[in-house]
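Here is a walk through a two-letter set of chains, written for someone who likes cut-offs spelled out. Have a look at the model first.

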Amino acid sequence: MREQLTGSQILCRALLEEGVDVLFGYPGGAIMPFYHALPEYPELRHVLVRHEQAAAHAADGYARASGRPGVCVATSGPGATNLVTGIATAHMDNTPLVAITGQVPRAMIGRDAFQETDIIGITQPITKHNRLVEDVEELAEAVHEVFTVAREGRPGPVLLDVPKDVQNQKLEYAGGANGSARGATGRREGLIGRPTPTALVEAARLIARAERPLIMAGHGVILSDAYDELRTLAEHTGVPVITTLLGISAFPESHPLHLGMPGMHGEVHVNRAIQQADLIIGIGLRFDDRVTGNLAAFARGAKVIHIELDASEVGKNVPVAVGLVGDARAILRELLEALEPRHCDAWRAEIATFVRPRFESFKGELSAEGILGAVEDASHGRCTVVSDVGQHQMWVAKLFRYQRPNTHITSGGLGTMGFAVPAAMGVVMARPGEPVWAISGDGGFQMNMQEIATMVQERIPVKMAIFNNGYLGMVRQWQQFFHGRRYSSTPIWSPDYVRLAEAYGIPGWRVERGDQVEAALRGALDHDGPALIEFLIEQEANVFPMIPPGASLSEPIESEAVTA
Amino acid sequence: MTVTRAVTVLLEDRLITFTRAVGLLRRRNLPVRSLAVGPTVTPGISRLTIMIQSDEATAERAVQQLQKVVGVRAAAAFPARDGVSRELALVKVRATGERYGELLDVVQLYHASVVDDSPEAIIVELTGSEAFVLSCIRALERFEVLEVARSGAVALELGLTDAGARVPANT
């Protein structure tokens, strides 16, 4: 006779069948049967966070670092709604995140029961798929369906809402066989298209003939693990490579063909190269407005080849000469076969003349560049950097020299402050033994600093660095340039972070001078566990260059001189 | 070119799938003129017809985005002029003695029919293109129109096409 299992036990088994080894979550009424079953499955490690938002970000960080779905768990009502920001973050950046929420018992759904919320309705526009499990019979299949959807094609977050009584229902469980994902999967495989031979030939022809070609590499290169193919294509053709915010670390930054980051805070020579280009080979990016600036004035002389998994992205923001729909890695391989070796020396020499000396906004010796260079040196370049959102995010993106694939993790699309600290916990779980830095501003850090307790309880050695300038720096910078220096609600008080660290029982350092940097970094890295460093940086340093919102890539603000 | 286009979607006949498909139209800010949904000959599958006023690229992107929705089996778009589109309307008109004959003349002129003839009011049923239905309702407005129920348009493309058999286009 087959075993009788509860829905909760089936859920645990299905998670194990999906290869899950860690869950980030928080228990509560409607998910208690699941938590009751959990200790029976010690292979499923549960990390108890201090706020459900952190569970979602941690699972997101785990997914970004491992390439496998990250799982978060919350109860119904407020537990579920607290996940929303994390789910939206994953949705904008195409992370395979699986959220499992408890729901009130089926008989109470729709009656405004205690802690009932329509999380399916709430998360519908920010998930790739979500599903209310209506009976234990469909539970295992539903788990496998949502994991498949999260992983396949262009990845994204999914949510499974499991009523409490379904968690308690009993069923004779046959194992994974129950779980062939319903209909959806087979059909959707067809969506991962292959470009037509004609389109490939046309793309190769455009690349062969271009005089001023550029590669713009986005997150899709990382998602499809196409690092080698990208590098080979660049070297084979001599085409310089630009990496978008989420494409950073898709191409080694020491490489002579590496140009830098485009867009709002992109380097002047990168944006100028885009504006002068006659061909842009976009790989796995969506031509986001932060990359293009004013669309009407974006790369007007350039034809665009768009290599993209999701057909609905091709032509969405910029007109495309050739769309190659499919997996970036496979397409780059096919494209390489169709291309003769060439070089772009004249064009590269021209771009070199566009390079402008970087305006150093920091007056003192403690600069973002100095700190980040020291972080890199202290970690011997073998670390993953998770940034938050704001000024420091741009410094981390631009001033750290990424060599290894997928070592830069940030909330790009949604721009979620508070992301770094919890996401870094997930990255540590995915990459044990490797230093992981969570770099935040004083604003973003205070949004999720409660997670230090999680790190201590669960022994997750995140190295936290806070760039403290006493302001919500990026908003303050915009106020300085576009709102007549009216610093409305941007000065922000911080607690004594060293004493905060002490209260949590972890080491902390305050760095105010350049000569204190190295010792603090050394101390944090040598400590076996979470550690915190506060860098007291200049209050009104700015990120340069900056394209004003709505302006074209040809109109950068390069220094303080133009400040009104 | 901005013209009226039909987007037809075959999808699982569950409210959640319908909500997802329609929610997508809202989220992507599509210029929707009408929506109609009903069963198909395949059990468990509904057909959703969306009439939009847009250029071809917008309609094609809507199709691609709809195809990504779990539960959507197929989607296709075509300009309304390349197909047949029909909408049904029920119009309740107050029927008073002296103008009753005149009202019936209008009904006859539009090849409509009276489907209910209650003492105080009649219900007129009419079927045709959106323009035809509008013109007929306008004609009936010469009398006292009490209530109008329109179905929204359904549409089929001319010739040998089948939305269910269409595979997503790859450039």
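What follows goes from the sheets of one chain to the cores, then to the other chain and a few backbone oddities.

First, the housekeeping. This is a predicted model, so local features need pLDDT of at least 70 and side-chain atom pairs count only at pLDDT 80 or more, while totals for chains, interfaces and linings use all residues. Residues are numbered from 1 along each chain as its sequence is written, and chains are lettered from A and ligands numbered from 1 in the order in which they are written.

**An open sheet in chain A**

Start with six strands of chain A, which form an open sheet in the order β3-β2-β4-β5-β7-β6, with parallel pairing. Strands here are DSSP runs of E with at least two residues, helices are runs of H or I with at least four, and both are numbered from the N terminus. Two strands pair if DSSP finds at least two bridges between them. At the edges sit β3 (45–48) and β6 (129–132) of chain A, each pairing on one side only. Ignoring direction, neighbouring strands of this sheet are turned by 20° against each other on average. Helix α3 (residues 52–66) of chain A packs on the sheet and touches β2 (22–25), β3, β4 (70–74) and β5 (97–103) of chain A; its direction makes about 170° with that of β4(A). For such angles, axes are lines fitted to C-alpha atoms, for helices over the stretch in contact, and the values run from 0 to 180 degrees between N-to-C directions.

**Parallel pairs further along chain A**

The table collects parallel strand pairs of chain A, with one bridge partner pair for each.

| Strand pair | Bridges | Partner pair |
|---|---|---|
| β6(A) and β7(A) | four bridges | His129(A) and Val158(A) |
| β15(A) and β17(A) | four bridges | Val386(A) and Ala438(A) |
| β15(A) and β16(A) | two bridges | Val385(A) and His408(A) |
| β17(A) and β18(A) | five bridges | Gly441(A) and Phe467(A) |
| β18(A) and β20(A) | six bridges | Phe467(A) and Phe535(A) |

In strand β15 (residues 384–387) of chain A, Thr384(A) and Val386(A) point one way, Val385(A) and Ser387(A) the other, and all are buried. Buried means 20 or more other C-beta atoms within 10 Å of a residue's own, exposed means 12 or fewer, and partly exposed is in between, with C-beta atoms placed from the backbone. β15(A), helix α18 (residues 391–399) of chain A and β16(A) make a right-handed β-α-β unit: with the strands pointing away from the viewer, the path from the first strand over the helix to the second runs clockwise.

How many of the six residues of strand β18 (residues 463–468) of chain A are buried? Six of the six, so β18(A) is largely enclosed by the rest of the structure. Lys463(A), Ala465(A) and Phe467(A) are on one side, with Met464(A), Ile466(A) and Asn468(A) on the other.

**Cores**

The largest nonpolar core has 180 residues, and Ala55(A) and Ala424(A) have the most contacts inside it. Such a core is a set of buried Ala, Val, Leu, Ile, Met, Phe, Trp, Tyr and Cys residues joined through C-beta atoms within 7 Å. Its largest share, nine residues, comes from helix α19 (residues 420–430) of chain A. Leaving aside neighbours within four places in sequence, Ala424(A) is in contact with Gly61(A), Val386(A), Val436(A), Ala438(A) and Val462(A); contact means C-beta atoms, placed from the backbone, within 7 Å. Apart from that core lies another of 25 residues, including Leu10(B) and Val154(B).

**Chain B**

Chain B has four helices and nine strands, and buried residues make up 34% of its 171 residues. Its C-alpha trace spans about 65 × 35 × 30 Å along the principal axes. Nine of the 12 residues of α2(B) are buried, so α2(B) is largely enclosed by the rest of the structure. Those buried residues pack against β1 (3–12), α1 (15–27), β3 (45–54) and β4 (72–79) of chain B.

**Backbone oddities**

Asn94(A) and Asp112(A) each have phi near 55°, a positive value in a residue other than glycine. Asn94(A) is buried, with 26 other C-beta atoms within 10 Å, whereas Asp112(A) counts as exposed, with 9 C-beta neighbours inside 10 Å. Finally, the peptide bond from Phe544(A) to Pro545(A) is cis, with omega near -10°, and Pro545(A) lies in the segment after β20 of chain A.

Notes: Contact = placed C-beta atoms within 7 Å.
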